[in-house]
Amino acid sequence: MSFATTHALGHVAKRYYAGGRTLSTQLLKDAYADVVQEAQGLQTRYLPEMRDKAKSLDAASVLSMVRKA
C-alpha cells in the first residue's frame with residue numbers, strides 16, 4: 001500500500017466518523033479521490049527530503065526520534 005493510499009484511507013475514516021458514520025458510495029469515492037490527490041502532492045513535495053533523511057538514519061537515531069515523540 002502506498003503512502004498516498006494509507007494517507008487517504010485515514011482521512012476518509014475521519015470524514016466517516018465526523019459525518020455521523022454515514023457516507024454514501026459517491027461521497028466515499030469523492031473523499032478518497034480528493035485525499036489521494038492531496039497526498040500525492042505532499043509526497044511529491046517531501047519525497048526528496050525524506051530520501052535524504054533516510055540515507056543518514058541508523059537504529060540509534062530512529063530510537064532517539066521515537067523517544068522524543
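**Exercise 1: The overall fold**

Work out how many helices and strands the protein chain has, and how spread out the chain is.

*Solution.* Start by counting: this predicted model has three helices and zero strands in its protein chain. Next, read along the sequence, and the pattern comes out as α-α-α. Now turn to the radius of gyration, which is 16 Å for the protein chain, well over the 11 Å that the globule rule gives for 69 residues, so the chain is more spread out than a compact globule. The box filled by the C-alpha atoms, taken along the principal axes, is roughly 45 × 25 × 15 Å. Finally, look at burial: 12% of the 69 residues count as buried.

**Exercise 2: How confident is the prediction?**

Find the helix with the lowest confidence and the helix with the highest.

*Solution.* Begin with the whole protein chain, where pLDDT averages 85 and 99% of the residues score at least 70. Then go to the extremes: confidence is lowest in H1, at a mean of 79. It is highest in helix H3 (residues 59-68), at 90.

**Exercise 3: The two sides of helix H1**

Compare the span of H1 with the expected value, then decide how its buried residues are arranged around the axis.

*Solution.* Helix H1 covers residues 3-18, which makes 16 residues. From first C-alpha to last it reaches 23 Å, close to the 22 Å expected at 1.5 Å a residue.

Now list the residues of H1 that are buried, taking under 20% relative accessible area as the cut-off: they are Ala4, His7, Ala8 and Val12. Viewed down the axis of H1, these buried residues fall within an arc of 130 degrees, so they line one face of the helix. A general rule helps here: an α-helix has 3.6 residues a turn, so residues three or four places apart point the same way.

What about the other side of H1? There, Lys14 and Tyr17 are exposed. The cover over the buried residues of H1 includes helix H2 (25-55).

To finish, step past the end of the helix: H1 is followed by Gly20, whose phi is positive, near 75 degrees.

**Exercise 4: Tyr32 and its contacts**

Say where Tyr32 lies and which residues Tyr32 touches.

*Solution.* First, place the residue: Tyr32 belongs to helix H2. Second, check its surface: with a relative accessible area of 29%, Tyr32 is partly exposed. Third, look for contacts, leaving out residues up to four places away in sequence: Tyr32 touches Thr5, Ala8, Leu9 and Val12. Two of these names are familiar, since Ala8 and Val12 are among the buried residues of H1. As a last step, take the C-alpha atoms of Tyr32 and Gly10: they are 9.6 Å apart in space and 22 residues apart in sequence.

**Exercise 5: A pair of rings**

Identify the aromatic pair in the structure and describe its geometry.

*Solution.* Searching the whole structure gives one aromatic pair. Its members are Tyr16 and Tyr17, with 4.9 Å from centre to centre and 80 degrees between the planes. Planes over 60 degrees apart count as edge-to-face, and that is how this pair of Tyr16 and Tyr17 is classed. Then compare the surfaces: Tyr16 is partly exposed at 30% relative accessible area, whereas Tyr17 is exposed at 54%.

**Exercise 6: Distances along and across the chain**

Give the C-alpha distance from Gly19 to Asp52 and from Leu47 to Lys29.

*Solution.* Gly19 sits in the loop between H1 and H2. Its C-alpha is 39 Å from that of Asp52, with 33 residues separating them in sequence. For the second distance, Leu47 is in helix H2, and its C-alpha is 26 Å from that of Lys29, 18 residues apart along the chain.

Definitions and conventions: Residues are numbered from 1 along each chain as its sequence is written. This is a predicted model: local features need pLDDT of at least 70, side-chain atom pairs count only at pLDDT 80 or more; totals for chains, interfaces and linings use all residues. Side-chain values use heavy atoms; hydrogens and water are left out. Helices (H or I, at least four residues) and strands (E, at least two) are DSSP runs, numbered from the N terminus. The expected span of a helix is 1.5 Å times one less than its number of residues. Buried means under 20% relative accessible area, exposed over 50%, partly exposed in between (1.4 Å probe, protein chains only). The arc is that of the directions from the helix axis to the C-beta atoms. Contact means heavy atoms within 4.5 Å. pLDDT is the predictor's confidence in each residue, from 0 to 100. Rings of Phe, Tyr and Trp (its six-membered ring) pair if their centres lie within 6.5 Å; planes under 30 degrees apart count as stacked, over 60 as edge-to-face and the rest as tilted. The radius of gyration is taken over C-alpha atoms; the globule rule is 2.2 Å times the number of residues to the power 0.38.
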